[in-house]
Amino acid sequence: MERVIASLPVVTGPEWAGVSYFCTTRAGGAGVAPHDTLNLGRRAGDDPDTVAENRRRVRAAVPADPLWLRQVHGSDVVDADAQDVPDEPAVDASVTSQPGRVLAVMVADCLPVVIADADGKVLGAAHAGWRGLSGGVLEHTLAAMRAKVPAATGWRAWVGPGIGPRVFEVGQDVLDAFTHDDPATARYFTPRPGLSGKWLADLAGLADFRLRRAGVQEVSLSGMCTVTDSERFFSYRRDGETGRMALLAWLHPD
């Protein structure tokens, strides 16, 4: 669903008790093509002052400074509540049980995924491209959340905008990465007609499969494709040089 938060057009999923979360779009910021307008990525080739202004606008929409990550397409998770968290740690997911601690992941075709328990006591946010997804980034995020709050139950997740199943062309390596782990995932790959060794992959479907297998009872998919919706979303696969959107999420005070 679409909303406007602090003058920023955003998309979000179902309302969850004790949790706020949203994904930015490319609207509502400063900047010129190909980063127009709300590019939040410092390493996307944009003017640093423009990125700083866009992050300032996002900061006005959340209760505290976000924990930005230097994403590496891996599966490591950082505890955002630790005292020694570096500036922009080189990981692809973060977790918190501290109300008001804002988690952030940047995307431009990879999936932004937010996970929480039913009581809003622990929260995780993950950047899930095919490498991180096949490497277990979602399972590792959930394991870190369970370790922080062992009594938490009623897991739920929202999978935000990402590259859609009609346009995500992949090769044998991607198919193998998932089917070697679980042959049942073959159903998320459709052979590309006329192109031997090429498939169309359903990345959001694969995320849904792995979340449910890991014990998440409620998974909601945005159904939004970053590649085909050029007015709303940045897309690296579509444009090459482009901006980055961000998922922001935090727990409410008791």
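Buried denotes under 20% relative accessible area, exposed over 50%, and partly exposed the range in between, with a 1.4 Å probe and protein chains only. Helices (H or I, at least four residues) and strands (E, at least two) are DSSP runs numbered from the N terminus. The model is predicted: local features need pLDDT of at least 70, side-chain atom pairs count only at pLDDT 80 or more, and totals for chains, interfaces and linings use all residues. Residues are numbered from 1 along each chain as its sequence is written, and side-chain values use heavy atoms, with hydrogens and water left out.

**Exercise 1. Strand β3**

Determine how covered strand β3 is and which strands pair with β3.

Solution.
- Step 1: β3 spans residues 19-24, and five of its six residues are buried, which leaves the strand mostly covered.
- Step 2: Two strands pair if DSSP finds at least two bridges between them. Strand β2 (residues 8-11) meets β3 in the antiparallel sense over two bridges.
- Step 3: Strand β14 (residues 245-251) is also antiparallel to β3, over five bridges.
- Step 4: Cys23 illustrates both pairings: Val11 stands opposite Cys23, and Leu247 is the bridge partner of Cys23 in β14.

**Exercise 2. Two pockets**

Describe the volume and lining of the largest pocket and of the second largest pocket.

Solution.
- Step 1: On a 1 Å grid over the protein atoms alone, a pocket is an open set of points with protein on both sides within 12 Å along at least five of seven lines, whereas a cavity is a set where a 1.4 Å probe fits but cannot get out; lining residues have an atom within 4 Å of a point. Grid points are joined across faces, edges and corners, and a volume is the space filled by probe spheres set on the points.
- Step 2: The largest pocket holds about 680 Å³. Its lining has 27 residues, with His73, Cys110, His127, Tyr236 and Arg244 nearest the centre.
- Step 3: At least two lining residues of the largest pocket come from each of β6 (103-107), α2 (130-134), α4 (172-179) and α6 (236-239).
- Step 4: Ala, Val, Leu, Ile, Met, Phe, Trp, Tyr, Cys and Pro count as nonpolar, Asp, Glu, Lys and Arg as charged, and the others, Gly among them, as polar. On this basis the lining of the largest pocket comprises 13 nonpolar, six polar and eight charged residues.
- Step 5: The second largest pocket holds about 190 Å³ and has 14 lining residues, those nearest its centre being Arg3, Thr12, Val19, Ser20 and Tyr21. Strand β3 gives the largest share of this lining, four residues. The lining of the second largest pocket divides into nine nonpolar, three polar and two charged residues.

**Exercise 3. Cysteines**

Explain why Cys110 forms no bond with Cys23.

Solution.
- Step 1: A disulfide is a pair of cysteine sulfur atoms within 2.5 Å, and the structure holds zero disulfides.
- Step 2: The closest cysteine sulfur to that of Cys110 belongs to Cys23 and is 12 Å away, therefore too far for a bond.
- Step 3: Cys225 is likewise in no disulfide; the nearest cysteine sulfur, that of Cys110, is 13 Å away.
- Step 4: Both residues are buried, Cys110 with a relative accessible area of 16% and Cys225 at 14%.

**Exercise 4. Helix α5**

State how many residues of helix α5 are buried.

Solution.
- Step 1: Helix α5 covers residues 203-213, and nine of its 11 residues are buried.
- Step 2: Among the buried residues of α5 are Asp208 and Arg210.
- Step 3: Just after α5, Gly215 takes a positive phi of about 110 degrees.
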